[in-house]
Amino acid sequence: ENLSRSHAVVILKIERYSRSRGKSTVSNFFLVDLADSTLVKRPQEGLSDAEHREYMAVHKATRKSLGALRKCIRLLAEGGKRPLPWAESTLTKLLHSALSRSAGVNTIINVSPMSTHAQESLSSIRFGSYIAARKDTESSSSADPAASRTSK
């Protein structure tokens, strides 16, 4: 069955206060589960026309947001000075500071050993390679002021 689902993003704001320095450090910790981008080849069985339209709209939005994220990661990896298209999707807006030059990124890719899932597994591996190739460069014009900061 070819199903699509939504992305899940959990952002934990962590604050550490140093009594000796009288300062606090604030960081954001992102846990992200990206939805798959399974290709839809035929209408899903058992869905009404309205349900199918809604399913296709969610599927289209999921693919668009993954494409926008892929584009941002690719531009970061290239290290150019072009502005990054963070505003193309809600997902990239949320992850802007997570992908800034000061961010540390770890990625877990979940793939299936089944040959019927080979295309989706390959797509996931390719997406992960974009992230692995990412360099810590970003044009200063697109830096996120909401990224980790120190305050008194």
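The exercises below work through a predicted model of one protein.

**Exercise 1. Layout of the chain**

Task: State how many helices and strands the protein has, and in which order they come along the sequence.

Solution: Begin with the count, which gives three helices and three strands. Then read along the sequence: the pattern is β-β-α-α-α-β.

**Exercise 2. Length of helix α1**

Task: Compare the expected span of α1 with the distance between its end C-alpha atoms.

Solution: Helix α1 runs over 49-78 and has 30 residues. The expected span is 1.5 Å times one less than the number of residues. For α1 this comes to 44 Å. The end C-alpha atoms of α1 are 43 Å apart, which agrees with that value. To see what follows the helix, look at Gly79, where phi is positive, near 70°.

**Exercise 3. Burial and surface**

Task: Find what percentage of the residues is buried, and what part of the exposed area carbon and sulfur atoms supply.

Solution: Take burial first: the protein has 152 residues, and 30% of them count as buried. Next take the surface: about 10400 Å² is exposed, and 53% of this area is supplied by carbon and sulfur atoms.

**Exercise 4. The largest nonpolar core**

Task: Identify which residues of the largest nonpolar core touch the most other members, and which helix gives this core its largest share.

Solution: The core has 14 residues, and those that touch the most other members are Leu69, Ile73, Trp86, Leu95 and Leu99. At least two core residues come from each of α1 (49-78), α2 (90-95) and α3 (118-132). Helix α1 provides the largest share, with five residues. As a single example, take Leu95 and set aside its neighbours within four places in sequence: Leu95 then has contacts with Val9, Phe30, Val32 and Leu69. As a general point, nonpolar side chains in soluble globular proteins tend to be buried together.

**Exercise 5. Two residues of strand β2**

Task: Decide whether Val26 and Phe29 are buried or partly exposed.

Solution: Val26 is in strand β2, and so is Phe29. Buried means under 20% relative accessible area, and partly exposed means between that and 50%. Val26 has 8% relative accessibility, so Val26 counts as buried. Phe29 has 43%, so Phe29 counts as partly exposed.

Now follow each residue to its surroundings. Val26 and Ile14 are twelve residues apart along the chain, yet their C-alpha atoms are separated by 5.7 Å. Phe29 belongs to a nonpolar surface patch of about 430 Å², together with Val10, Leu12, Ile14 and Leu31. The elements giving two or more residues to this patch are β1 (8-18) and β2 (23-33). Strand β1 gives the most, with three residues.

**Exercise 6. The salt bridge**

Task: Count the salt bridges, name the residues that meet, and explain why the pair ties together parts that are apart in sequence.

Solution: A side-chain nitrogen of Lys or Arg must lie within 4 Å of a carboxyl oxygen of Asp or Glu. By this rule the count is one salt bridge. The side chains that meet are those of Glu88 and Lys71, at 3.0 Å from N to O. Glu88 lies in the loop between α1 and α2, while Lys71 is in helix α1, so the pair ties together parts 17 residues apart in sequence. For accessibility, Glu88 is at 36% and counts as partly exposed. Lys71, at 29%, also counts as partly exposed.

Key: Residues numbered from 1 in each chain as written. Predicted model: local features only at pLDDT ≥ 70, side-chain atom pairs only at ≥ 80, totals over all residues. Heavy atoms only, no water. Helix = DSSP H or I, 4+ residues; strand = E, 2+ residues; numbered from the N terminus. Buried < 20%, exposed > 50% of the residue type's maximum accessible area, 1.4 Å probe, protein only. Areas by Shrake-Rupley, 256 points an atom, 1.4 Å probe, with all protein chains shown as cover. Patch = residues over 30% accessible without salt bridge, like charges linked within 9 Å, V, L, I, M, F, W, Y side chains within 5 Å. Core = buried A, V, L, I, M, F, W, Y, C linked by side-chain atoms within 4.5 Å. Contact = heavy atoms within 4.5 Å.
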